[in-house]
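Reader: I have the sequence and the model open side by side. Can you take me through the helix packing, and then the pockets and any odd backbone spots?

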Amino acid sequence: MSLPFDLRSLSLFVAVVDHGGFSAAARARHIAQSAVSQTIAGLERRLDTRLFERHDRRVRLTPEGEVLLEHARRLLADASATELALKELNGLVKGEVRIGIPSMLGSYYLPPLLMGFAARHPGIRMTVIEAGARRLQAMIKARELDLGIVVEDGSTCELETEALLRAEMVVCTTRDHPFTARHSVTPEAFLSEPLVLFQDGYFHREFVDAMARRLDIQPRLTFQSNLIPLTKAIVSQGFGITTFLRRVIEEDDLSAVSFDPAAWLTLSLAWQPQGYLSRAERAFIDYALSQRDSL
């Protein structure tokens with residue numbers, strides 16, 4: 001069977017999309033722009049369809065290009081996994097673990113785990129990517145990430161998951177806020193306060209949005225920030241309250257009060273069920289699961 005494309009042309013096609021144009025893709029690949037243009041033109045000719053709309057040096061995918069992009073990413077990921085599997089048969093183990101972690105976990109829960117693994121496997125390089133929980137799930141599904149930490153809910157059913165830790169979401173206020181005199185705070189009371197929240201796509205924000213939808217209450221949003229130190233500073237100055245995992249505020253001059261009822265999240269290690277995991281990645285999964293009781 002003769003195919004109208006090869007891996008090199010698909011790789012350059014994806015590079016044009018990811019870098020936003022032919023010139024940028026050529027610079028990133030250290031080749032002439034004419035080579036990129038000729039490759040894409042040849043691909044369009046063999047597929048008998050236009051992949052890009054070109055306007056004033058800008059490129060935009062056509063509907064046909066969008067379809068090809070989805071399949072091209074999958075084919076390239078499969079090709080990379082195949083190469084890795086064959087290398088590992090010859091003892092050439094991949095020396096890198098790429099893991100995506102939400103910022104609250106990366107800063108407050110997982111450093112001992114990551115450093116413990118690095119100490120046990122000094123030849124393996126760790127690459128940690130911080131992003132919102134939904135973005136991480138999408139990256140794993142698209143095979144742009146091998147492993148990630150996700151919040152266990154109905155949206156993770158397409159991934160292979162193993163529960164890693166269970167953590168409590170609490171109300172975060174100044175120490176002189178009226179809530180600190182309470183044993184717990186109802187969602188209704190929390191949502192009646194001015195709030196400092198993460199942007200969409202982070203489990204911190206989704207936790208609050210889900211609470212608000214369930215109670216049909218419009219949150220009083222005063223600040224949005226994905227930066228934990230900035231969010232803490234805003235709360236400490238009395239401009240609003242927020243919610244964090246309990247450990248995030250244990251060492252700060254802020255107060256943590258449980259919700260009523262208490263709000264617990266299960267955070268899991270996730271990966272693509274059909275994806276190839278290297279020996280290094282499997283070693284990390286085994287090590288992480290062995291350390292669950294200490295997280």
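Author: Yes, with the reminder that this is a predicted model. To begin with a contact between two helices: R8, S9, L12, F13 and V16 of helix 1 meet V36, T39, I40, L43 and R46 of helix 3.

Reader: How do the residues of that contact of helix 1 with helix 3 divide into nonpolar, polar and charged?

Author: Six are nonpolar, two are polar and two are charged.

Reader: And at what angle do helix 1 and helix 3 pack?

Author: About 110 degrees, with the axes 10 Å apart. Helix 1 covers residues 7-19 and helix 3 covers residues 33-47. Angles of 65 to 115 degrees count as roughly perpendicular, so helix 1 is roughly perpendicular to helix 3.

Reader: Is the crossing of helix 1 and helix 3 left-handed or right-handed?

Author: The crossing of helix 1 and helix 3 is left-handed.

Reader: What about helix 1 and helix 2, how do their axes cross?

Author: They cross at roughly 115 degrees and come within 8 Å. The crossing of helix 1 and helix 2 is right-handed. Helix 1 brings S11, L12, A15, V16 and H19 to this contact, and helix 2 brings F22, A24, A25, A28 and R29. By class, that is seven nonpolar residues, two polar and one charged.

Reader: Then helix 2 against helix 3. Which hand is that crossing, left or right?

Author: Right-handed. The packing angle of helix 2 and helix 3 is about 115 degrees, and their axes are 8 Å apart. F22, S23 and A26 of helix 2 make the contact with Q33, V36, S37 and I40 of helix 3. Four of the residues in this contact are nonpolar, three are polar and none is charged.

Reader: Where is H30 found?

Author: H30 sits in the loop between helix 2, residues 22-29, and helix 3. Its phi is near 60 degrees, a positive value in a residue other than glycine.

Reader: Other backbone oddities. Which peptide bond is cis?

Author: The one from D260 to P261 is cis, with omega near 5 degrees. P261 lies in strand 11, which spans residues 255-271.

Reader: Changing topic. How much space lies in the largest pocket?

Author: About 610 Å³. Its lining is made up of 28 residues, and L76, A77, S80, R98 and R143 are the ones nearest the centre.

Reader: Which element gives the most to the lining of the largest pocket?

Author: Helix 4, with seven residues. At least two residues of the pocket lining come from each of helix 1, helix 4 (63-89) and strand 3 (96-101).

Reader: So helix 1 turns up again. How many nonpolar, polar and charged residues has the lining of the largest pocket?

Author: The pocket lining has 11 nonpolar, six polar and 11 charged residues.

Reader: And cavities, how many of 30 Å³ or more?

Author: The count comes to one. About 30 Å³ of space lies in the largest cavity.

Reader: Which residues line the largest cavity?

Author: P102, S103, M104, F198, Y202, F203 and H204. Helix 5, residues 103-108, and helix 9, residues 203-215, each supply at least two residues of that lining.

Reader: How many charged residues has the lining of the largest cavity?

Author: The cavity lining has no charged residues; five are nonpolar and two are polar. The lining of the largest pocket, by comparison, has 11 charged residues.

Reader: Good. Back to the structure view, then; where should I look for the pocket centre, going by the residues nearest to it?

Author: Look at L76, A77, S80, R98 and R143. For the largest cavity, F198 and Y202 are among the residues in the lining.

Technical notes: Residues numbered from 1 in each chain as written. Predicted model: local features only at pLDDT ≥ 70, side-chain atom pairs only at ≥ 80, totals over all residues. Heavy atoms only, no water. Axes fitted to C-alpha atoms, helices over the stretch in contact; angles between N-to-C directions. Helix = DSSP H or I, 4+ residues; strand = E, 2+ residues; numbered from the N terminus. Parallel < 35°, antiparallel > 145°, perpendicular 65-115°, else oblique. Left-handed = near helix turned anticlockwise from the far one by under 90°. Contact = heavy atoms within 4.5 Å. Nonpolar A, V, L, I, M, F, W, Y, C, P; charged D, E, K, R; others polar. 1 Å grid on protein atoms, 1.4 Å probe; cavity = no way out; pocket = protein on both sides within 12 Å on 5 of 7 lines; lining within 4 Å. Points joined across faces, edges and corners; volume = space filled by probe spheres on them.
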